[in-house]
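This briefing is for a reader who is meeting the structure for the first time. Please look over the sequence and the model before reading on.

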Amino acid sequence: MAATQEMGSDGATRLIDSVQDMEQSAVEAVRKFVDTVDGVFPDVGDDHARRRVIDGAFTMVERLIGVSNRFAQDVVRATERALDQLDRDGSTTTS
């Protein structure tokens, strides 16, 4: 039982680390994108087009991060259920 929980915990930790890496990469990509937009559309007064482009990029990244977080949570929940089932199956066959 402890071994399957440890395996699940290790897998969950790796998944969380992977999601965090993806989030950091997404944020860095947006920073680079904003720098590019700033180079092409200099900040000149009330530039609505520039603001819409940048806001759109942030919205896209927020959605992508939300999707990856929900996916990671679903994977962790499914793994926990599978490990619980393995533990139950193992304890009934050894009893």
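In which helix does Ser-68 lie? Ser-68 is a residue of helix H2. The model described here is predicted. Its protein chain has 2 helices and 0 strands. The points below begin with the whole chain and then turn to particular residues.

**Whole chain**

- The protein chain has 95 residues, and buried residues make up 20% of them.
- About 7100 Å² of the protein chain is exposed, and 58% of that area is supplied by carbon and sulfur atoms.
- Contacts between residues at least 6 apart in sequence can be sorted by separation: 68% of them join residues at least 24 apart.

**Nonpolar core**

- The largest nonpolar core consists of 7 residues, namely Ala-26, Val-30, Val-34, Val-37, Ile-54, Val-61 and Ile-65.
- At least two residues of this core come from each of the two helices, H1 (2–40) and H2 (48–94).
- Helix H1 gives the largest share of the core, with 4 residues.
- In soluble globular proteins, nonpolar side chains tend to be buried together.
- Val-37, one of the core residues, is in contact with Arg-50, Val-53 and Ile-54 when its neighbours within four places in sequence are left aside.
- Of these partners, Ile-54 is also listed in the core, Arg-50 takes part in a salt bridge, and Val-53 belongs to a nonpolar surface patch.

**Contacts and distances between distant parts of the chain**

- Ser-68 counts as buried because its relative accessibility is 12%, under the 20% cut-off.
- Apart from neighbours within four places in sequence, Ser-68 is in contact with Val-19 and Met-22.
- Val-76 is placed in helix H2 and is partly exposed, at a relative accessible area of 21%.
- With neighbours within four places in sequence left out, the contacts of Val-76 are Ala-12 and Leu-15.
- Val-76 and Ile-16 are 60 residues apart along the chain, and their C-alpha atoms are separated by 9.3 Å.
- Ala-12 is found in helix H1.
- The relative accessibility of Ala-12 is 19%, so this residue counts as buried.
- A separation of 9.2 Å lies between the C-alpha atoms of Ala-12 and Glu-80, which are 68 residues apart along the chain.

**Salt bridges**

- How many salt bridges does the structure hold? There are 4 salt bridges in the structure, and three pairs are described here.
- Side chains of opposite charge can pair when their charged atoms come close.
- Asp-38 and Arg-50 form a salt bridge through their side chains, at 2.1 Å from N to O.
- Because Asp-38 is in helix H1 and Arg-50 is in helix H2, this pair ties together parts that are 12 residues apart in sequence.
- Asp-38 counts as partly exposed at 30% relative accessibility, whereas Arg-50 counts as buried at 10%.
- Arg-31 and Glu-28 also form a salt bridge, and their closest N and O atoms are 3.5 Å apart.
- Arg-31 and Glu-28 are 3 residues apart in helix H1, so about one helical turn separates them.
- Arg-31 counts as exposed, at 52% relative accessibility, while Glu-28 counts as partly exposed, at 34%.
- Arg-77 and Asp-74 are joined by a salt bridge between their side chains, at 2.8 Å from N to O.
- This pair is likewise set within a helix: Arg-77 and Asp-74 are 3 residues apart in H2, so they are separated by about one helical turn.
- Arg-77 is partly exposed at a relative accessible area of 40%, and Asp-74 is partly exposed at 43%.

**Nonpolar surface patch**

- Which residues form a nonpolar patch on the surface? The patch is made up of Phe-33, Val-40, Phe-41 and Val-53.
- Together these patch residues have about 330 Å² of accessible area.
- Val-40, one of the patch residues, is located in helix H1.
- Val-40 is classed as exposed because its relative accessible area is 56%, which is over the 50% cut-off.

Technical notes
Residues numbered from 1 in each chain as written. Predicted model: local features only at pLDDT ≥ 70, side-chain atom pairs only at ≥ 80, totals over all residues. Heavy atoms only, no water. Core = buried A, V, L, I, M, F, W, Y, C linked by side-chain atoms within 4.5 Å. Buried < 20%, exposed > 50% of the residue type's maximum accessible area, 1.4 Å probe, protein only. Contact = heavy atoms within 4.5 Å. Patch = residues over 30% accessible without salt bridge, like charges linked within 9 Å, V, L, I, M, F, W, Y side chains within 5 Å. Areas by Shrake-Rupley, 256 points an atom, 1.4 Å probe, with all protein chains shown as cover.
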